[in-house]
Amino acid sequence: MNTTRSGRPALTRPDGTPLCVLVVDDDPDLAEVLSGALRYEGWQVRTAGDGACALTAARELLPDAVVLDVMLPDTDGFAVLRALHGVRPDVCVLFLTARDAVEDRIAGITAGGDDYVTKPFSLEEVVARLRGLLRRAGMARQAEEGPRLTVGDLVMDEEAREVTRGGELIELSPTEFELLRFLMRNPRRVLSKAQILDRVWSYDFGGRAHVVELYISYLRKKVDAGREPLIHTVRGAGYVLKPATR
């Protein structure tokens with residue numbers, strides 16, 4: 001089992017690459033301490049001291065998660081989050097605040113935040129909450145999971161080439177399997193038809209969009225039939241696989 005230096009199971013993106021986290025706080029000492037704790041997990045980390053820098057960094061990094069201070073020099077964290085969603089709609093957000101009012105917690109959740117930690121806080125608590133958020137969002141997996149990909153109740157064993165949803169076995173053709181694997185290795189990421197063609201069929205884009213549409217329809221009939229949909233069409237952009245909302 002691969003572990004971090006802290007002894008916890010290593011957590012990565014589903015494709016095995018390091019998770020990316022953006023820390024936004026105007027206290028440089030606090031930002032550095034937080035960054036060190038997250039790098040200890042093996043994650044890529046960048047920091048920003050205000051809202052404008054946070055958006056610039058988000059466009060470059062495309063983070064999986066953001067640790068976001070509510071009070072910033074140029075704006076507040078809620079406004080930053082709304083802008084962040086235009087860059088990375090499904091990013092996980094953990095708010096930091098020195099305030100503990102119920103109104104602040106409600107505002108954070110209403111703005112689209114996933115969790116809330118009040119200063120002063122434990123670094124262990126921040127790391128644990130981020131790990132939980134990323135796993136529940138389907139954006140990370142533990143190293144010991146090996147060849148298994150999981151998005152919601154959909155599970156793929158890459159070595160056995162078996163797929164189940166809710167424990168029920170799903171029979172897929174080789175092409176359907178490769179298409180689903182590409183979607184599951186990139187959960188919550190919109191994939192264009194060109195990207196799918198290049199990865200699954202090794203075709204240059206041009207006149208073959210109908211092939212992607214056809215196989216997406218095949219997958220939907222097998223993966224989503226009679227269940228809450230996991231495969232979604234983003235009109236004019238492509239397709240995305242994400243956990244069903246409850």
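## Salt bridges, a helix face and a few odd backbone spots

Asp 153 is partly exposed, with a relative accessible area of 34%. The model it belongs to is a predicted one, and Asp 153 makes a handy way in, with Arg 165 as its salt-bridge partner. The closest N and O atoms of the two side chains sit 2.9 Å apart. Arg 165 belongs to strand E10 (residues 162-165), while Asp 153 is in the loop between strand E8 (148-151) and strand E9 (154-157), so the bridge ties together parts that lie 12 residues apart in sequence. What about cover on the arginine side: is Arg 165 buried or exposed? Its relative accessibility is just 3%, so Arg 165 counts as buried, the cut-off being 20%.

That pair is one of the salt bridges in the structure, which holds 17 of them. Another one joins the side chains of Asp 90 and Arg 188, at 3.7 Å from N to O. Here the aspartate is in the loop between helix H3 (77-87) and strand E5 (92-97), and the arginine is in the loop between H6 and helix H7 (193-201), so parts that are 98 residues apart in sequence get tied together. With a relative accessible area of 19%, Arg 188 falls under the 20% mark and is therefore buried.

Glu 176 and Lys 222 make a salt bridge too, with 2.8 Å between N and O. This one also links distant parts of the chain: Glu 176 is in helix H6 and Lys 222 in helix H8 (residues 209-224), 46 residues apart. Glu 176 is buried, at 5% relative accessible area, whereas Lys 222 comes out as partly exposed at 33%. Salt bridges can also join up into something bigger than a pair: Arg 13, Asp 64, Arg 88 and Arg 189 are linked in a network of them.

Helix H6 (174-184) has a neighbour in sequence that deserves a look as well. Ser 173 is in the loop between strand E11 (168-170) and this helix, and at 25% relative accessibility Ser 173 is partly exposed. The C-alpha atoms of Ser 173 and Leu 219 are 9.8 Å apart, with their positions 46 residues apart along the chain. A similar kind of check can be made for Arg 46, a residue of strand E3 (residues 44-48). Arg 46 is partly exposed, at 33% relative accessibility. From Arg 46 to Ala 31 the C-alpha distance is 9.3 Å, and the two are 15 residues apart in sequence.

Helix H2 (residues 51-61) has two sides to it. Its buried residues are Gly 51, Ala 54, Leu 55, Ala 57, Ala 58 and Leu 61. Why do they line one face of the helix? Looking down the axis of H2, these buried residues fall within an arc of 165°, so they end up along one face. The general rule behind such a pattern is that an α-helix has 3.6 residues a turn, so residues three or four places apart point the same way. On the face of H2 turned away from the buried side, the exposed residues Arg 59 and Glu 60 are found.

Charge turns up on the surface in another place. Asp 26, Asp 27, Asp 29 and Glu 32 gather there in a patch of negative charge. One of them, Asp 26, is in the loop between strand E2 (20-24) and helix H1 (28-39). Asp 26 is partly exposed, at 39% relative accessible area.

Finally, the backbone has a few unusual spots. Most residues other than glycine have a negative phi, and most peptide bonds are trans. Leu 62 goes against the first habit, with a positive phi of about 50° even though it is not a glycine. Leu 62 is in the loop between H2 and strand E4 (65-69), and it is partly exposed, with a relative accessible area of 41%. Arg 188, met above as the partner of Asp 90, also has a positive phi, near 65°. Its place is the loop between H6 and H7. As for the peptide bonds, a cis one joins Lys 119 and Pro 120, with omega at about -5°. Pro 120 is in the loop between strand E6 (115-118) and helix H5 (123-136).

Key. Residues are numbered from 1 along each chain as its sequence is written. This is a predicted model: local features need pLDDT of at least 70, side-chain atom pairs count only at pLDDT 80 or more; totals for chains, interfaces and linings use all residues. Side-chain values use heavy atoms; hydrogens and water are left out. Patches are made of residues with over 30% relative accessible area and no salt bridge: like charges are joined within 9 Å, nonpolar side chains (Val, Leu, Ile, Met, Phe, Trp, Tyr) within 5 Å. Accessible areas come from the Shrake-Rupley method with a 1.4 Å probe; for residues, only the protein chains shown count as cover. A salt bridge is a side-chain nitrogen of Lys or Arg within 4 Å of a carboxyl oxygen of Asp or Glu. Lys and Arg count as positive and Asp and Glu as negative; His and the chain ends are not counted. The place of a charge is taken as NZ of Lys, CZ of Arg, CG of Asp or CD of Glu. Helices (H or I, at least four residues) and strands (E, at least two) are DSSP runs, numbered from the N terminus. Buried means under 20% relative accessible area, exposed over 50%, partly exposed in between (1.4 Å probe, protein chains only). The arc is that of the directions from the helix axis to the C-beta atoms.
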